[in-house]
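Hi,

Here is the structure I promised to pass on. Have a look at it first, and my notes follow below.

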Amino acid sequence: MLFAGTPFELNRIMLIRLLVVVVLVLLLWLGSRSMKIVPSRGQVVFEFVLNFVRKSIVIDTLGEKDGKRFMGLIMGIFFTVLGMNLTATIPGLQIAASANVGLPLVLAVVSYVAFIYAGIKKFGLRYFKNALILPGVPIFLLPFLAILEFLSTFIVRPVTLILRLLMNMVAGHMLLVLCFSATQFFIVTLLFSGNFLGLLGIGSFAFGIAFVALEIFVGALQAYVFAILTAIYLQMSLAEEH
């Protein structure tokens, strides 16, 4: 805890988030400052990740024109979520910086504001009509379906973005804590005191390593999901008909 008792108080998870931001900025700067025609291995990896986000998430969803407009936003979301998620597997940090509602909430608000802004900028206030009124629907169903569309578009979208990221990372953190706490108990407490039940710690440690690999995969997957859903919501806001 830093600056305890002041308006600038920073707890452990906030310090981890600041560390991730510094590392992300440093990695992106180092990766892009001296790119060569004949790339090094590091440059190959860097370009692969950037091109994956650019092509598979942004361009394939929004197209070239709109993709260029929102490229920075979606890439920022992807790398932020990825970096914050992977801290769960780093010794000494051992908690996902996204396993607290604050960060998912902020990112969901950014996504929410972005797709509403995109729709209003293109269509004006007609965006809300496009979002709520489905073409070809019988008049007597319009109020009911408009309410459903309102809930789906303006309430469910941000809430599911928050909960999907938060719950996945909290669940992964709890699994890792369970496995490695069990390992410590079996090996340090039991085996070192001569109780051979402590050998069960080998199994819990193996499960822990497996869950670390799973947590890395889930962390990357959640970064992809958050970014692709943001891109999809933007595309839906920019579509002529909904």
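Leaving aside its neighbours within four places in sequence, which residues is Gln43 in contact with? They are Ser34, Met35 and Lys36. Before I go on, bear in mind that this is a predicted model. Gln43 itself sits in helix 2, which runs over residues 41–86, and with a relative accessibility of 7% Gln43 counts as buried.

Since we're in helix 2, on to the charges. Searching the whole structure turns up two salt bridges. One joins Lys55 to Asp60, with 2.9 Å between the closest N and O atoms. Both partners are partly exposed: Lys55 has a relative accessibility of 43%, and Asp60 has 48%. The other salt bridge joins Asp66 to Arg69, where the closest N and O atoms are 3.2 Å apart. Asp66 and Arg69 are three residues apart in helix 2, so about one helical turn separates them. Their surroundings are worth a look, too: Asp66 counts as buried at 18% relative accessibility, given that the cut-off is under 20%, whereas Arg69 is partly exposed at 41%.

Next, helix 1 (12–33). Its 22 residues should span 32 Å at 1.5 Å a residue, and the end C-alpha atoms are 31 Å apart, which agrees. The buried residues here are Ile13, Ile16, Arg17, Val20, Leu24 and Gly31. Looking down the axis of helix 1, you'll find these buried residues within an arc of 100 degrees, so they line one face of the helix. Val22, Val25 and Arg33 are exposed on the other side of helix 1. As for what covers the buried residues of helix 1, that includes helix 2 and helix 3.

Helix 3 covers residues 102–123. It also has 22 residues, which should span 32 Å at 1.5 Å a residue; the end C-alpha atoms are 32 Å apart, in agreement with that. Its list of buried residues includes Leu103, Pro104, Leu107, Ala108, Ser111, Ala114 and Phe115. Among the elements that cover the buried residues of helix 3 are helix 1, helix 2, helix 4 (126–132), helix 5 (142–190) and helix 6 (200–238). After helix 3 comes Gly124, with a positive phi near 70 degrees.

That leaves the aromatics. There are 10 aromatic pairs in the structure. In one of them, the ring centres of Tyr112 and Phe115 are 5.5 Å apart and the planes are at 85 degrees, so the pair is edge-to-face. These two are three residues apart in helix 3, so they are separated by about one helical turn. Is each of them buried or partly exposed? Tyr112 is partly exposed, with a relative accessible area of 25%, while Phe115 is buried, at 1%. Phe115 has another partner as well: Arg157 lies over the face of its ring, 5.1 Å from the ring centre. Elsewhere, Tyr127, Phe128, Phe150 and Phe154 make up one aromatic cluster.

If you only have time for one spot, I'd open Phe115 and look at Tyr112 edge-to-face with it and Arg157 over its face.

Cheers

Terms used:
Residues are numbered from 1 along each chain as its sequence is written. This is a predicted model: local features need pLDDT of at least 70, side-chain atom pairs count only at pLDDT 80 or more; totals for chains, interfaces and linings use all residues. Side-chain values use heavy atoms; hydrogens and water are left out. Helices (H or I, at least four residues) and strands (E, at least two) are DSSP runs, numbered from the N terminus. Buried means under 20% relative accessible area, exposed over 50%, partly exposed in between (1.4 Å probe, protein chains only). Contact means heavy atoms within 4.5 Å. Rings of Phe, Tyr and Trp (its six-membered ring) pair if their centres lie within 6.5 Å; planes under 30 degrees apart count as stacked, over 60 as edge-to-face and the rest as tilted. A charge sits over a ring if NZ of Lys or CZ of Arg is within 6 Å of the ring centre and within 35 degrees of the ring normal. The expected span of a helix is 1.5 Å times one less than its number of residues. The arc is that of the directions from the helix axis to the C-beta atoms. A salt bridge is a side-chain nitrogen of Lys or Arg within 4 Å of a carboxyl oxygen of Asp or Glu.
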